[in-house]
Amino acid sequence: MLEIKNLQATIDGKEILKGIDLVIPDGEVHAIMGPNGSGKSTLSYVLAGRDGYQVTGGSAHYRGQDLLALNTEERARLGVFLAFQYPVEIPGVTGINFLKTAVNAVRRSRGESELDAMQFLKLARKKAKELGVGEEMLRRAVNTGFSGGEKKRYEALQMALLEPSLLILDETDSGLDIDALKVVSEGVVALRSPKRAMLVITHYQRILDYIIPDRVHVLAGGKIVQSGSKELAQELERTGYAQFTGQAA
Amino acid sequence: MSDGMDQVRTLADQKYKYGFVTDIEADVAPKGLNEDIVAFISAKKGEPDWLLAWRLKAYRLWLTQSEPTWGRLHHAPIDYQDSYYYSAPKRKDGPKSLDEVDPKLLETYEKLGVPLHERAILAGVAVDAVFDSVSVATTYKGKLEEMGVIFTSMSEAVAKHPELVRKYLGSVVPYADNYFATLNSAVFTDGSFVYVPPGVRCPMELSTYFRINAQNTGQFERTLIIADRGSYVSYLEGCTAPMRDENQLHAAVVELVALDDAEIKYSTVQNWYPGDENGKGGIYNFVTKRGACRGRASRISWTQVETGSAITWKYPSCILQGDDSVGEFYSVAITNNYQQADTGTKMIHLGRNTRSRIVSKGVSAGHADNTYRGLVRIMPKAERARNHTQCDSLLIGDQCGAHTTPYIESRNPTARLEHEATTSKISEDQLFYARQRGLSQEEAVALIVNGFCREVLQQLPMEFAVEAQKLLAISLEGSVG
Ligand SMILES: Nc1ncnc2c1ncn2[C@@H]1O[C@H](COP(=O)(O)OP(=O)(O)OP(=O)(O)O)[C@@H](O)[C@H]1O
Ligand SMILES: [Mg+2]
């Protein structure tokens with residue numbers, strides 16, 4: 001269970017998150033929607049522990065642990081995974097090498113044995129195939145020169161390999177073509193389990209047709225201004241955010 | 001010609017006339033440098049007169065020279081009189097096998113991660129271990145001898161193959177070449193000698209582990225490798241040194257000669273003590289390495305991974321004399337803390353259709369300074385010469401420096417020269433991304449740096465490449481966050 005209480009954060013002294021309250025029990029999928037610049041990505045970064053984001057108040061606990069007291073990699077090893085809105089290019093580092101190092105770092109922290117090159121390759125090939133990621137992409141440098149959609153698929157592949165327990169998807173659907181959206185969504189749904197919690201940040205109701213959320217929240221002006229069931233997403237699609245932006249200003 | 005030059009010449013031609021002051025039985029020559037010491041070294045090694053004369057000529061010239069100052073390097077003045085120029089290991093007669101080697105010595109290698117015997121046997125590598133100044137162990141000799149490959153210490157080569165040594169020593173790096181090479185010519189103590197006969201493909205990687213041991217002993221290695229027509233040899237040089245507080249001078253000279261259709265691959269992993277994180281101590285490494293592609297279609301390839309030393313001044317070069325000859329330089333230079341590296345290459349195109357390739361990867365962290373300095377010179381007769389240079393710099397943090405100084409001189413209009421240079425930084429975004437996947441900061445840096453250097457590391461022989469990768473990670477420990 002992820003438990004966020006009155007979370008406030010600033011960047012360069014600028015107040016972005018102004019008191020977020022959010023609880024995602026294990027097994028549930030929550031969606032966050034909201035206008036551009038409202039603080040959705042900021043929330044995901046604060047949860048993942050990015051430098052430069054100062055938490056000025058409130059708390060965030062995951063499975064009883066104070067997330068904010070852990071560094072980025074400790075959170076990752078605890079099972080926190082962030083599918084980036086803008087995945088980062090790492091020239092020169094092959095996907096195989098990067099992902100193997102990541103998977104083994106996580107396995108080590110869980111007290112599991114590390115995968116050797118062959119074992120890892122087998123696993124990576126299988127997952128890549130499931131997610132429609134070409135095998136040659138594993139041999140290319142991480143995200144380097146990938147198209148927007150390829151980057152998003154690649155995020156999904158990493159998620160499938162790392163098998164995290166708290167999944168935060170920041171606009172993973174943006175940039176995916178219609179078929180890719182289906183494949184990637186199915187990949188996410190396959191990870192759905194009573195032990196996992198998911199936070200899906202999106203602008204479009206479409207992905208939520210595949211990954212059906214238990215709750216939908218509207219984040220505007222650094223606050224959650226409305227929460228509801230999955231129907232809220234459809235409603236927002238019709239009405240837009242005008243009502244909230246007015247209110248949040 | 002000026003009086004000064006005449007004086008130099010007169011001096012250079014004088015014979016050694018002072019007689020010995022130093023006890024020839026001594027294991028260590030007294031501190032300091034003078035003609036007596038030069039003669040002592042030569043006598044210790046039982047060298048022929050011509051070599052002593054050569055050394056003295058070099059020494060006398062050296063007295064008139066001054067240290068080059070064009071490098072982007074800063075260090076306290078070096079007191080050349082404050083060093084020992086000769087020290088021998090305890091044993092008097094060279095051991096015939098590893099069993100005869102001082103177990104203490106083997107222990108040291110062990111600690112350095114160079115288990116000599118195992119490594120030699122397991123990896124099929126012949127090891128000519130240079131401990132201090134004198135070779136103490138040579139293995140795999142038999143196998144090489146069968147094929148006519150000579151792989152010995154320089155001292156032994158002088159004794160057993162004087163005609164080869166006399167013909168080639170100083171033929172690529174003349175004794176008057178530069179301050180440090182001249183000093184080396186005067187006082188070199190040992191090093192490796194390789195001769196590969198015509199048509200022979202050397203069946204194993206040849207490797208020498210250099211090591212600086214006794215306190216205050218300047219190291220002056222001299223290596224000479226000759227690949228005769230149609231032969232091939234791959235030579236590995238790797239160095240480590242223990243923690244030390246005082247600066248130590250190292251001025252090696254390496255000469256390579258490739259005749260028609262011959263190929264020499266020379267790989268170095270250098271990780272001498274770089275000084276502490278405050279810039280105290282560390283080795284001063286002033287090296288002259290040069291290869292002559294003397295024959296047609298000959299090939300010389302330098303690969304270096306430089307992670308150590310407080311100061312690195314090093315420009316492994318190729319003189320592309322033979323038509324269709326090829327020179328390559330692949331370099332990784334890593335500097336952290338207060339390390340300074342000024343390194344690069346010279347490709348001198350003399351022959352027709354000569355080609356050269358330069359790939360330089362500089363990684364700088366902490367307060368370190370890293371300079372690539374390269375020269376590509378195309379001489380008038382070098383029709384259709386080609387060069388491709390790629391210089392990439394990677395910065396970690398914002399207090400370090402990276403500089404690229406390429407000199408290009410083309411005196412033939414048919415030359416085709418390409419130069420690419422990039423500077424990048426390990427970004428916060430990249431580190432965050434990697435750490436979000438569970439990698440530690442250090443793992444992330446190591447991965448990115450190794451990725452950055454991949455093109456060069458790929459040039460190294462397999463086991464060396466693995467070692468080098470680990471070394472990169474170790475050298476950059478503590479460089480971030
Ligand atoms: N480094 C920064 N310095 C100043 N302001 C920043 C910085 N990073 C983000 N912001 C601001 O914080 C606010 C929230 O940004 P955030 O990326 O969280 O929005 P978002 O809800 O994810 O938007 P989108 O839907 O466009 O992805 C924006 O106004 C943005 O300009
Ligand atoms: Mg966003």
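Student: What makes the approach of the A:N36 side chain to ligand 1 a polar contact?

Tutor: In this predicted model, an N or O atom in the side chain of A:N36 lies 3.1 Å from an oxygen atom of ligand 1. The cut-off for such a pair is 3.5 Å, so the approach of A:N36 qualifies as a polar contact.

Student: How do you know that A:K40 and A:S38 also make polar contacts with ligand 1?

Tutor: A polar side-chain atom of A:K40 is 2.7 Å from an oxygen atom of the ligand. For A:S38 it is a backbone N or O atom that approaches a ligand oxygen, at 3.2 Å. Both distances are within 3.5 Å, and therefore both count as polar contacts. Taken alone, ligand 1 exposes 640 Å², of which the protein buries 66%.

Student: Which residues come nearest to ligand 1, and which element gives the most to its shell?

Tutor: Among the 15 residues around the ligand, the nearest are A:G37, A:K40, A:S41, A:T42 and A:H203. Helix α1(A) gives the most to the shell, with 3 residues. Both β2 (14–24) and α1 of chain A supply at least two residues each. By class, the shell has 3 nonpolar, 8 polar and 4 charged residues.

Student: Why is the pairing of A:E73 with B:R435 called a salt bridge?

Tutor: Side chains of opposite charge can pair when their charged atoms come close. The N to O distance between the side chains of A:E73 and B:R435 is 2.6 Å. The limit is 4 Å between a Lys or Arg nitrogen and an Asp or Glu carboxyl oxygen, so the pair meets the criterion. There are 5 salt bridges between chain A and chain B, and the structure holds 33 over all chains.

Student: How do you know that the salt bridge of B:D429 with A:R50 joins two chains?

Tutor: The closest N and O atoms of B:D429 and A:R50 are 2.3 Å apart. B:D429 lies in helix α10 (residues 428–436) of chain B, whereas A:R50 lies in the loop between α1 and β4 (53–62) of chain A, so the pair links the two chains.

Student: What makes up the contact between chain A and chain B?

Tutor: Chain A contributes 34 residues and chain B contributes 18 residues. Between them the chains bury about 2200 Å², with 60% of this on carbon and sulfur atoms. Across the interface, 14 residue pairs are in polar contact. On the side of chain A that touches chain B, α3(A) provides the largest share, 7 residues. The residues of that side divide into 18 nonpolar, 9 polar and 7 charged.

Terms used. Residues numbered from 1 in each chain as written. Chains lettered and ligands numbered in written order. Predicted model: local features only at pLDDT ≥ 70, side-chain atom pairs only at ≥ 80, totals over all residues. Heavy atoms only, no water. Contact = heavy atoms within 4.5 Å. Buried area = accessible area lost by both parts, 1.4 Å probe. Polar contact = N/O pair within 3.5 Å; in protein donor to acceptor, adjacent residues only side chain to side chain. Helix = DSSP H or I, 4+ residues; strand = E, 2+ residues; numbered from the N terminus. Nonpolar A, V, L, I, M, F, W, Y, C, P; charged D, E, K, R; others polar. Near = heavy atom within 4 Å. Areas by Shrake-Rupley, 256 points an atom, 1.4 Å probe, with all protein chains shown as cover.
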